[in-house]
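Reader: I've got a new model up on my screen and would like to talk it through. Can you take me around?

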Amino acid sequence: MLLRARLLLASLGGGLLLLLILCLGAQNLEQRPRLWLGGGSTAPLPAGFLVGVALVVGVISGGCSVALLARRPDQLPGRE
């Protein structure tokens, strides 16, 4: 349980740190496309920001998946 909590906190912390760096770096970009979501659209956002947000979401979801799928130390392979 402690291993899962550490993995989860590490992935959330790393994702939030990446998001902070992304927000600081995407301040002065001139190309600002809109993201179309079904019937509406978002505010004009820098293209690098959209790619960066996708990367951050991937890091967080990957870390959460690893935390949920991690085996207990006393669990032997093949004996689930």
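Author: Sure. Helices here are DSSP runs of H or I with at least four residues, strands are runs of E with at least two, and both are numbered from the N terminus. Keep in mind that this is a predicted model.

Reader: Which pattern does the protein follow, read along the sequence?

Author: Start with the count: there are 2 helices and 2 strands. Put in sequence order, they give the pattern α-β-β-α.

Reader: How does the expected span of H1 agree with the distance between its end C-alpha atoms?

Author: H1 covers residues 2-25. At 1.5 Å a residue, its 24 residues should span 34 Å, and that agrees with the distance between the end C-alpha atoms, which is 34 Å.

Reader: And what distance separates the end C-alpha atoms of H2?

Author: H2 runs over residues 47-69, so 23 residues at 1.5 Å each should span 33 Å. The model agrees, with the end C-alpha atoms apart by 33 Å.

Reader: What do the buried residues of H1 pack against?

Author: The buried residues in H1 are Ser11, Gly15 and Leu22. In H2, Phe49, Gly52, Val56, Gly63 and Ala67 are buried, and what covers them includes H1. Looking from the H1 side, its buried residues pack against H2.

Reader: Ser11 caught my eye. Is Ser11 buried or exposed?

Author: Ser11 sits in helix H1. Leaving out residues up to four places away in sequence, Ser11 touches Val59, Ile60, Gly63 and Cys64. The cut-off for buried is under 20% relative accessible area. Ser11 has 8%, so it counts as buried.

Reader: What share of the 80 residues in the protein is buried?

Author: For context, the protein exposes about 6200 Å², with carbon and sulfur atoms supplying 69% of that area. As for the buried residues, they make up 15% of the 80 residues.

Reader: Which residues form the nonpolar patch on the surface?

Author: One of its members is Ile21, which is in helix H1. At 53% relative accessibility, Ile21 counts as exposed, and its C-alpha atom is 9.7 Å from that of Gly52, 31 residues apart along the chain. Leu20, another member, is also found in helix H1. Together the patch has about 420 Å² of accessible area, and its residues are Leu17, Leu20, Ile21 and Leu24.

Reader: What about Arg34: how far is Arg34 from Pro44, C-alpha to C-alpha?

Author: Arg34 is in the loop between H1 and strand E1 (36-37), and it is partly exposed, with a relative accessible area of 44%. Beyond its neighbours within four places in sequence, it contacts Ser41, Thr42, Ala43 and Pro44. Pro44 is 10 residues from Arg34 in sequence, while in space the C-alpha distance is 4.7 Å.

Reader: What separates the C-alpha atoms of Met1 and Arg71?

Author: Met1 lies in the segment before H1. With a relative accessible area of 80%, Met1 is exposed. Along the chain Met1 and Arg71 are 70 residues apart, and their C-alpha atoms are separated by 9.5 Å.

Reader: One last thing: among contacts between residues at least 6 apart in sequence, what share joins residues at least 24 apart?

Author: A contact here means heavy atoms within 4.5 Å. Among contacts in the protein between residues at least 6 apart in sequence, the share joining residues at least 24 apart is 50%.

Note on methods
Residues are numbered from 1 along each chain as its sequence is written. This is a predicted model: local features need pLDDT of at least 70, side-chain atom pairs count only at pLDDT 80 or more; totals for chains, interfaces and linings use all residues. Side-chain values use heavy atoms; hydrogens and water are left out. Patches are made of residues with over 30% relative accessible area and no salt bridge: like charges are joined within 9 Å, nonpolar side chains (Val, Leu, Ile, Met, Phe, Trp, Tyr) within 5 Å. Accessible areas come from the Shrake-Rupley method with a 1.4 Å probe; for residues, only the protein chains shown count as cover. A salt bridge is a side-chain nitrogen of Lys or Arg within 4 Å of a carboxyl oxygen of Asp or Glu. The expected span of a helix is 1.5 Å times one less than its number of residues. Buried means under 20% relative accessible area, exposed over 50%, partly exposed in between (1.4 Å probe, protein chains only).
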